[in-house]
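Please walk through this structure with me, from an interface between chains down to single side-chain pairs. Keep the viewer open as you read.

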There are 4 protein chains.
Amino acid sequence: MVVFMKNNASEEEVEAVIKKLNAFGFDVHRSSGVSQTVLGAIGVSPGFDHRIFRGLSGVADVQRVTEPYKLASRVGRDTSTVVDVDGVKMGGTAITVIASITSLESILQLKQIEPKLRSSGVSLIQGTVLKPRTSFYDYHGVEEEHLMLMHQIVDECGFKLMLEVSTSDLAEKTANYASMLLVGARNMQNFGLLQVLGEINKPVLLERGFAATVEEWIMSAEYLMRAGNTNIILCERGIRTFEVATRYTLDLSAVSIAKSKSHLPVFVNPSQGVRLRDHVRPMASAAIAAGADGVVIHLQNESMNVTKSVSEALNLDQFRGLIEEVKQIGQIIGRT
Amino acid sequence: MVVFMKNNASEEEVEAVIKKLNAFGFDVHRSSGVSQTVLGAIGVSPGFDHRIFRGLSGVADVQRVTEPYKLASRVGRDTSTVVDVDGVKMGGTAITVIASITSLESILQLKQIEPKLRSSGVSLIQGTVLKPRTSFYDYHGVEEEHLMLMHQIVDECGFKLMLEVSTSDLAEKTANYASMLLVGARNMQNFGLLQVLGEINKPVLLERGFAATVEEWIMSAEYLMRAGNTNIILCERGIRTFEVATRYTLDLSAVSIAKSKSHLPVFVNPSQGVRLRDHVRPMASAAIAAGADGVVIHLQNESMNVTKSVSEALNLDQFRGLIEEVKQIGQIIGRT
Amino acid sequence: MVVFMKNNASEEEVEAVIKKLNAFGFDVHRSSGVSQTVLGAIGVSPGFDHRIFRGLSGVADVQRVTEPYKLASRVGRDTSTVVDVDGVKMGGTAITVIASITSLESILQLKQIEPKLRSSGVSLIQGTVLKPRTSFYDYHGVEEEHLMLMHQIVDECGFKLMLEVSTSDLAEKTANYASMLLVGARNMQNFGLLQVLGEINKPVLLERGFAATVEEWIMSAEYLMRAGNTNIILCERGIRTFEVATRYTLDLSAVSIAKSKSHLPVFVNPSQGVRLRDHVRPMASAAIAAGADGVVIHLQNESMNVTKSVSEALNLDQFRGLIEEVKQIGQIIGRT
Amino acid sequence: MVVFMKNNASEEEVEAVIKKLNAFGFDVHRSSGVSQTVLGAIGVSPGFDHRIFRGLSGVADVQRVTEPYKLASRVGRDTSTVVDVDGVKMGGTAITVIASITSLESILQLKQIEPKLRSSGVSLIQGTVLKPRTSFYDYHGVEEEHLMLMHQIVDECGFKLMLEVSTSDLAEKTANYASMLLVGARNMQNFGLLQVLGEINKPVLLERGFAATVEEWIMSAEYLMRAGNTNIILCERGIRTFEVATRYTLDLSAVSIAKSKSHLPVFVNPSQGVRLRDHVRPMASAAIAAGADGVVIHLQNESMNVTKSVSEALNLDQFRGLIEEVKQIGQIIGRT
């Protein structure tokens, strides 16, 4: 931590800050220039809230030096984490494509397309769950008994199932039917939920909040890891910006940054970020080229009822074309 | 709802969209120009998801016309809502200042400053609660038994208590000790929590999410109201922007906009938005001038331990000066 | 300047950075902790580009400590600057309302409303000029000879004229007819234009760019001042954010921040920022309450042709009501 | 254009708007529902400012339907534009890598690295020019006579030269020495400059402004094209968002969107957007995978003086590795 004193800070103020820093167990190195004094505090622990010092008399600014996370940090870790989802390895040299099928009807018809999905290398399906929505008046998801049904069908087809959990009281129930759990962007800082999921032994795909910095995103992963769950995958799905051509702005730099800061795998959901079908394939390819370990892509069964249709879902042929392209790009950058 | 067809949309595509609109019960008015056809769909209900139409062949864009909320809307309501918090009226012509005291030690010493707070017209105190934090390593709040203690002290001083609820399982317990509940910015779209608070008969102060539009903010209020709780107050506390001089950018236009769109009272928390003590008073005054019905201000007891100090809290004299100023500004714009 | 070395930086890397810092004339104070070394460099001059050090081997981050501006800085200045616009004082204890009349027809009819404007205390009129627009197809402003006509009418009415300059080659010509020049948001970092205006002896109202931080805004003021023009007024008019309810998000915290960082007067243009007539008055009042020294308000003559009408312009009665309100608010916070 | 009337708009107000629409030459189609009337106006021309209607009594909102640009639009154009820069083709199936060498010293040593650059397929060099900078105190670029020197060296090495133009008075002079001109992000809406460059017969690389939407970016290209210059290439280099890990957020969705809206080639400058060396290569590859026609990459000569070093520049080996990777990715998505 570095404390920048105000230009006109008095010697008494400087000394009061040094005394306070010592009281917290810091070694202090003082640098005094013509107009300003800077105090370097060595020895800060992750749990210390450096903002306390902002309120002290004579202090202009306080900058944290060490990262506010430890378990998720790449510092001191030579290898990237590989998460095992019931036998499917994610991260490392693997490229994973998760098929997100958000209509129950389509999942009921999964067997029709199962051979084509399998031959493309898909092994994980995101199903649809009981989920409160932005508007009270919107569609609220399927009934609970459907979880069991979805699990059964996905299992019979030989795939693993990923399900979103949006409230802590549904966490355990959902975990019974899923190989992997999803924390949506809106819940990235729902710390009550993170605490519960940290105590359940299932891999978690943690979406980045729409207004969360990369640092805050990794801090939420740290939260899950501290609570006991180390099988975490980060997932970028777009941030809020002034641009209105896309619903969110997919931040692919965040993939490269997150992988340099953390040893955890990083996925991208271009379907959610862009919300326009024609742009899903180029953005999925770009995500892999940027270093992502996998993508989540909305898939839509041709025969499905239009009332459940969404503007970003690909049909099976588009979906298979996308997988072919991201595989080839993955090979160029050293993936298998 | 208005459906804009692509420039080169075929007659078949246009007719397919019209047929689909009719199937959903809409009256359709067709406007065909030289290069483009526009379909006006009259009769849309709030629960209808207009995005379904974005996925149809030949459709360029779909625009919702009616607001996606009803109970919270100003349309058809002549009067602004006044929320009654155990006898304290908020909204209407009243200007309310809530003192936020986020350290338990300071609340324990509330009696020392009670006469001065009362003479300034304060009637509500925000206390501090069990609350998961951004970083797992940060301070996690006070023990549960302290809720009772806080309630007792605040009650003996003759004030009402507001407490934050951040997970649904703590909602009822917290409601037992509080006259008003707070939903923090991070939970504005925690719909599981909103559902529970909608069923509890306590006024709710609903903070705007850091990346939420005014429309989404009102939709979260609508969510609470649909669930049965009509005593909702909106609270602006800053949005995420590129500006780094303040932690968040306090969006005071949102106050004026929200009051024109909704009949609910709108508060502002300038302490959280700006996070710099010197700017709290001007921003509180600006909030009232912009039409806010009240402000939430961090107050810090002079004698409190610096380890709990925060950079935006005012001392008692600054706090009383602020109240004096906002009262005078309130009078100019017709408040009492 | 403070240089943060990477956790695993070698002693050779640390020493290379120290040597380089010394070569630039810095005194270096070294703080080495268990895992990281921090170097405090004392003596930095404003012209030094600290980013050079980011590229060095072993460097994790570089933080500037001193502000990147001098002439515009409040440091070392006890008093706020008062700008004299041909006898009209702006800043200090004064509150100024500039009437922006962007239609030539309306200015031609200025004499009709002159007594009412004068009795409200208006002394400055913003006229309309030759100005390239966002779209090539939009209206490009009035002919050059109209500058003279505008000047004549505004002068006969006893007001001062403010005119926008958007290209350097029009600067001198425009300056001949105006008492004050305006640099629009899009030109805040048009340094060629700033250089020219810095050499012309006319006060400049410098609008903040839509994506400019407060620091960059003050740096553009510094640019003008370094070029020789010290009569600069800053003007906030909204920044780009994700919020779509208003065209821009008026950042009133920026007023309070800019006034604490710089001795220059700060104005606000709520008409441009909000673009919705009903919200102009509350936001103008909020601006003054936040500490602004003046506001620029779009005024529209009742009788003017609707083809020039804009959605944010006030009519004369609304305009006079606004002035009355901001005057009263100004008095509360110590203005005259 | 579609005009949405307020819910309580009177019949008089509706008819007044229809009359006004007719006066502007529109055919009007009226759709009246239970609570709201919507007016479809067919026949709008690009030069019409639809905002005029926002100010009318009873109007809730006005939405433009047609794009605000024509010459740059993909509508009605089957083929993508290929720009010819003195024999080098950009766009179409080509992938171009421009080497940006922003230090004069490095350009003077260009012959040393010329064979390696050539064998990697580089044909364009971005040089460094007289350029006003953000801070008056920063380095202001090289002397004018150096333009001629740069041109001579780059020409002798058999490359083409691209130079930035930041003020209209330098446009012609710079054009004498360059095969291609660059409009920087800060000047994207410097319409005076665009007008001049539109009249000069040199290809222009038009960077997207930090706060410009994709639509505004294309509108600036339209501006240049209307003024007579059709050899325009768009260049994404990052937008301002709340994320602080990178200097700007590179918006690669914008590449895919811009290419679907316009027939012009789209380039990306990942060096400027990310400003961190380690992330330039993945983001360049991601740009090509997203559909970009080329990238601009900062190259730094090993032997160059550190005072000109920048944190994002690649050395020659890194640069050649990047070219190899983007070529391979280009092949996968059908480039040559």
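What follows moves from the interface of two chains to a helix, then to salt bridges and one buried glutamate. Keep in mind that the model is predicted.

Start where chain A meets chain C. On each side, 21 residues are in contact: 21 of chain A with 21 of chain C. How much area is buried between chain A and chain C? The value is about 1,600 Å², and carbon and sulfur atoms give 70% of that area. The rule finds zero salt bridges across this interface. It also finds zero residue pairs in polar contact there, where both residues must be at pLDDT 80 or more. Three elements of chain A give two or more residues to the side that touches chain C: strand 1 (2–5), strand 2 (27–32) and strand 3 (37–42). Strand 2 of chain A gives the most, with four residues. By type, the residues on this side of chain A divide into nine nonpolar, 10 polar and two charged.

Now look at the symmetry. A turn of 180 degrees, with a shift of 0.0 Å along the axis, lays chain A on chain C with an RMSD of 0.0 Å. The two copies are therefore related as by a two-fold rotation axis. In chain A, the C-alpha nearest that axis belongs to A:F242, 2.1 Å from it. Of the interface residues of chain A, 100% are also interface residues in chain C, so the copies meet through the same surface.

Turn next to helix 8 (residues 253–261) of chain C. Is this helix enclosed or open? Seven of its nine residues are buried, so helix 8 of chain C is largely enclosed by the rest of the structure. The buried residues are C:S253, C:A254, C:V255, C:S256, C:I257, C:A258 and C:K259. Within chain C they pack against helix 7 (214–226), strand 12 (232–236) and strand 13 (266–268). They also pack against helix 9 (270–274) and helix 10 (280–289) of chain B.

One of those buried residues leads on to the salt bridges. The side chains of C:K259 and C:D293 meet in a salt bridge of 2.6 Å, N to O. This pair links distant parts of the chain, 34 residues apart: C:K259 is in helix 8 of chain C, and C:D293 is in the loop between helix 10 (280–289) and strand 14 (294–298) of chain C. Both C:K259 and C:D293 are buried. In chain D, the side chains of D:K259 and D:D293 meet in a salt bridge of 2.7 Å, N to O. D:K259 and D:D293 are buried as well.

Over all chains, the search finds 48 salt bridges. Another of them joins the side chains of B:R118 and B:E114, at 3.0 Å, N to O. These two lie four residues apart in helix 3 (residues 110–119) of chain B, so about one helical turn separates B:R118 and B:E114. B:R118 is partly exposed, with a relative accessible area of 37%. B:E114 is buried, at 18%.

Finish at D:E207, in strand 11 (residues 204–207) of chain D. D:E207 is buried, with a relative accessible area of 4%. Which side chain does D:E207 join in a polar contact? The partner is D:R237, at 3.0 Å. Leaving out residues up to four places away in sequence, D:E207 touches residues including D:L182, D:M188, D:W217 and D:N269.

Notes
Residues numbered from 1 in each chain as written. Chains lettered and ligands numbered in written order. Heavy atoms only, no water. Contact = heavy atoms within 4.5 Å. Buried area = accessible area lost by both parts, 1.4 Å probe. Salt bridge = Lys/Arg side-chain N within 4 Å of Asp/Glu carboxyl O. Polar contact = N/O pair within 3.5 Å; in protein donor to acceptor, adjacent residues only side chain to side chain. Nonpolar A, V, L, I, M, F, W, Y, C, P; charged D, E, K, R; others polar. Least-squares fit on C-alpha atoms with pLDDT ≥ 70 in both. Buried < 20%, exposed > 50% of the residue type's maximum accessible area, 1.4 Å probe, protein only.
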